[in-house]
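The exercises below are meant to be worked through with the sequence and the 3D view side by side. Please try each task before reading the solution that follows.

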Amino acid sequence: MTTFAVRPGSSLQLAGTGALLRFALRRDRLMIPVWIAVNALMVLSMPGTLEGLYGTPAERADLIRQMETNSSLRAMVGPVFDDSLGALTAWRAGVYAGALAAVMSLLVVVRHTRDEEESGRQELVASGMVGRRASLTAALLAAAVANAVLALLLTAGLAGHGAAGALALGLGIAGVGMAFATMAAIVAQLTESARLVRGLTAAVLGAAFVLRAAGDSATDDGSSVLTWVSPLGWLENLRPYADERWWVLALLAGAALLQGAVAYGLAGRRDIGMSFLPTRPGPASGRLGSAGALAWRLQRGSVLGWSIGFLLAGVVYGGMTEGAADLVGDNDNARRIFERMGGRSGLTDTFLASMTGMLGLVAALYIVASVLRLHGEETSGRAEPVLANAVGRLRWAAGHLVIAFGGAALIMLLAGLGMAVGYGKEAGPILGACLVQLPAVWVIGGVAVLLHGVLPRAAAAAWAVAGAVLLIGWVGPALDVPQAVLDVSPFGHLPKLPGGSMQWGPVVVLTGLAVVLVAAGLAGLRRRDMTT
């Protein structure tokens, strides 16, 4: 049991919060700016893109008419409430920006609460003049700072389209971020595992997206009960640039305050390292006879969650393929954007190619998270007992890397099967389009292995690489950036399938590059000292 220097009932329970906040912001000086930049650029690029796509009143009226009748597209991006550029920006980017803010916030909170306790650093900090709730407060404040900066950037960047709408959208996105930050703070008190905290909170975020999508597919005005159950539905029903409902912000603020109060109450009733739902000691059945079996036991929940998510996403994207073709119609600008993402084949094949490319970009996030599980095991000290036995470093790392690289192949395969089911056509071409994304995904995984093996203190920079690739692939085609910029991403060199011709050269080169990166990372891991 840890002895605190500050009595639980005293007014000094927040002592040291300022120092811990500065330390948290310093540790996240790379991660937070990258998440903010990706999110802000995605939103701020939308007005110009949408103006090119729907520049005339007739085109905007046709868009609204299509969204009113196309339930699959409403499930993806929500209903349209007005035809102004600001309202279209909130429609097209609002839900996704809110989801990105939620992910950023939960990662920040978990990193500075449960991660610190798992590594043992929190116990050292608590032995000084630090209040019982100082660490939780610093984590929530770090998330609040990140969301406040994001809100300021969005408000300033969109103010030219209407100050009130810009403020509403910025505050709404930040509010969603803080709602999930405080939710992560609660879950961090309930379980001993940072990995489980991330998984459970991400599952709640996924459920929120599904509920909003189900509600929006049922109604064209966001009035469904399912939409109102989801915080992402609250953001949608805030209606920026469409006669704003300012009172919806009270829902987001109330959720954040209530959850924050619950987290504070729980934090004051447990010891450091403990939880209200203790982890079971050891496997419930079977045995762990190898490093690979241990790696599978540690990562199987993550693989299962990503697999289900990609399968469902594939079904949704496959089901909306015909509707997307109808929506683009004769809009030449929209057609050009899809062609830059998916090639110059028929519009249906182009849409499928662009969607498989987007799933590949998201799969890059999975492989980075899975590879960096090695880094988490090492810095937490859990790797040392394993390596103290007859287990070499390469064998230990190989167990996690098989799951990372093999898991990427699995989730892309399931995405292809889901798209084939949703589209209702032959599965072969769609499966090929999904699997051809793997060399680029593996290159990003190879970068993560290289950073972990050679520069372990900079391993988190793999997230910046994945974020930059996601930004290029997501926003680049819409902004009509030069092809040289698109080619910075490994995804820019892949053949555009289905519809395009299969080109084995880039596939072989990218696969070879991934092998070289992994080999270099493993060589560095074998030669360097283990970190703690």
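A residue is called buried when its relative accessible area is under 20%, exposed when that area is over 50%, and partly exposed in between. The model used throughout is a predicted one.

**Exercise 1.** Decide whether L410 counts as buried, partly exposed or exposed, and find which residues it touches beyond its sequence neighbours.

Solution. Begin by locating L410, which has its place in helix 21, a run covering residues 393-423. Next, take its relative accessibility, which is 35%; because this value falls between the two cut-offs of 20% and 50%, L410 counts as partly exposed. Then set aside the residues up to four places away in sequence, and the partners that L410 touches are V303 and S307. Finally, consider the second of these partners: S307 and L410 are separated by 103 residues in sequence, yet their C-alpha atoms are 7.2 Å apart in space.

**Exercise 2.** Describe how helix 21 and helix 22 cross, and say which classes of residue make their contact.

Solution. Two packed helices are described by the angle between their axes and the distance between the axes. For helix 21 and helix 22 (residues 427-435), the axes come within 8 Å and cross at roughly 145 degrees, and the crossing is right-handed. The contact draws on residues of helix 21 that include A409, M412, L413 and Y423, while helix 22 provides A427, I430, L431, C434 and L435. Sorted by class, this contact has 13 nonpolar residues and one polar residue, with no charged residues.

**Exercise 3.** Establish whether E236 is buried or exposed, and relate this residue to the second largest cavity.

Solution. First place E236 in helix 13, which spans residues 231-237. Its relative accessible area is 8%, and because that lies under 20%, E236 is buried. Leaving out neighbours within four places in sequence, the contacts of E236 are G78, P79, F81, V95, R212, D216, G222 and T227.

Now turn to the cavities, of which the structure holds four with a volume of 30 Å³ or more. The second largest of them has about 150 Å³ of space, and of the 15 residues lining it, those closest to its centre are F81, A90, W91, E236 and P240. Helix 6 (85-111) and helix 13 are the elements that give two or more residues to this lining, and the largest share, five residues, comes from helix 6. By class, the lining of the second largest cavity has 11 nonpolar residues, one polar residue and three charged residues.

Note on methods
Residues are numbered from 1 along each chain as its sequence is written. This is a predicted model: local features need pLDDT of at least 70, side-chain atom pairs count only at pLDDT 80 or more; totals for chains, interfaces and linings use all residues. Side-chain values use heavy atoms; hydrogens and water are left out. Helices (H or I, at least four residues) and strands (E, at least two) are DSSP runs, numbered from the N terminus. Buried means under 20% relative accessible area, exposed over 50%, partly exposed in between (1.4 Å probe, protein chains only). Contact means heavy atoms within 4.5 Å. On a 1 Å grid over the protein atoms alone, a cavity is a set of points where a 1.4 Å probe fits but cannot get out, and a pocket is an open set with protein on both sides within 12 Å along at least five of seven lines; lining residues have an atom within 4 Å of a point. Grid points are joined across faces, edges and corners, and a volume is the space filled by probe spheres set on the points. Ala, Val, Leu, Ile, Met, Phe, Trp, Tyr, Cys and Pro count as nonpolar, Asp, Glu, Lys and Arg as charged, and the others, Gly among them, as polar. Axes are lines fitted to C-alpha atoms, for helices over the stretch in contact, and angles run from 0 to 180 degrees between N-to-C directions. A crossing is left-handed if the near helix is turned anticlockwise from the far one by less than a right angle, and right-handed if clockwise.
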